[in-house]
Amino acid sequence: MYTDISYFWEGSKRYHAASFDAKKMFGERIQKISTDAGFSCPNRDGTKATGGCTYCNNKTFNPFYCSPKKSITEQLTEGIAFFSKKYKTQKYIAYFQAYTNTYAELSVLKAYWEEALKMPDIIGLAISTRPDCIDSEKLDYLQKLAETHYISIEYGIESTKNETLKFINRAHSFEESCAALQMSAGRGIHIGVHLILGLPGESHDDMLNHAKIISELPFDTLKLHQLQIIKQTIMAKQYSENPNQFHLLGLDEYICLIADFLELLNPKIKIERFVSESPKNMIIAPDWGGKKNFEIVAKIEKYLAVHNMFQGKKYRTED
Ligand code: SF4
């Protein structure tokens, strides 16, 4: 069937905004507070590969209060102090963001997770990881936590094309991403997926195909990021040596792509983010004129409205 815009929108959005459902779920604004527990990554320490994903520079992830030299409690306390001045938020989620946050024995992970959940204003955990760094033992434990807390796990799947994953040195396959999502589903754990648009070698059609493929996978929210060439990465070196290998998306081109992508996407999938927010001084290209996230989102929304496009407009299911 073709879905209709009235299928799920209660607000004025032409896409399924995760923020809208979060407000319904919690009844108030919730702020994620990043922490850096000092994990490594199997793609850096030689277990799966060395050098890491070619685009990765974890300095782009960490806010000033995050440092593995501080305890989880200290980082969360400083993060809450910072955000409580900015917003009237009363509740927080501990966001284990830097590197691969399930890359340790369960006993080590439990200690970090439990430390965070002991803090009075922390209502849950968001755990960012690779699809090849999860197992049923860790998921069983998270499932137990999810009975009393909000628990979210975010998988970086980045592309549905194994050729691309190989080129960017992800050192896992798309099939492993699918397996991780299947293993995580049905446990009361919120599942997020992270995808990068504009990776080398991917055409407009390839990227639209991602929308069709992921529409059939069991997850809740999607974070989309444009490819950025970040300083001190392998990709920065590749880009300086062979810029023709890259087609970096301009802002207008990205907005059109997002609109086309949304039309094909299952309307049940909630959109958590459309763009990456790397610090300006870390970005080599593309140059989007320093536009802020909210300005780009406003442009996307305007484009969708002008062209009468909405998420799921071209999504087909058998039912
Ligand atoms: S993006 Fe994630 S998986 Fe890749 S090198 Fe960086 S921390 Fe490791």
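# Burial, cores and ligand shell in a predicted model

Q: Is Ser152 buried or exposed?
A: Burial is judged by relative accessible area: under 20% is buried, over 50% is exposed, and in between is partly exposed (1.4 Å probe, protein chains only). Ser152 has a relative accessible area of 4%, so this residue is buried.

Q: What pLDDT does the chain average?
A: This is a predicted model, in which local features need pLDDT of at least 70 and side-chain atom pairs count only at pLDDT 80 or more, while totals for chains, interfaces and linings use all residues. Residues are numbered from 1 along each chain as its sequence is written, and side-chain values use heavy atoms, leaving out hydrogens and water. pLDDT is the predictor's confidence in each residue, from 0 to 100. At least 70 is reached by 95% of the residues, and the chain average is 92.

Q: Over which residues does pLDDT stay under 50?
A: The model has 19 contacts (heavy atoms within 4.5 Å) beyond four places in sequence for this stretch. Its pLDDT stays under 50 over residues 1-7.

Q: In which strand is Ser152 found?
A: Strands (E, at least two residues) and helices (H or I, at least four) are DSSP runs, numbered from the N terminus. Beyond four places in sequence, Ser152 contacts Leu125, Ala126, Ile127, Ile189 and His190. The strand holding Ser152 spans residues 150-158 and is S4.

Q: Which helix gives the most to the largest nonpolar core?
A: A nonpolar core joins buried Ala, Val, Leu, Ile, Met, Phe, Trp, Tyr and Cys residues through side-chain atoms within 4.5 Å. The largest has 85 residues, and Leu125, Leu222, Phe261 and Phe274 have the most contacts inside it. With 9 residues from 251-264, the helix that gives the most is H9.

Q: How many of the 14 residues of H9 are buried?
A: Phe261 is one of the buried residues of H9. Strand S5 and helix H7 are included in the cover. H9 is mostly covered, with a buried count of 10.

Q: How far apart are the end C-alpha atoms of H9?
A: The expected span of a helix is 1.5 Å times one less than its number of residues. For the 14 residues of H9 that gives 20 Å, which agrees with the end C-alpha separation of 20 Å.

Q: How many residues around the ligand are charged?
A: A residue counts as near if one of its heavy atoms lies within 4 Å. The shell includes Cys41, Tyr55, Arg130 and Arg170. Asp, Glu, Lys and Arg count as charged. Beside 5 nonpolar and 2 polar residues, the charged count is 3.
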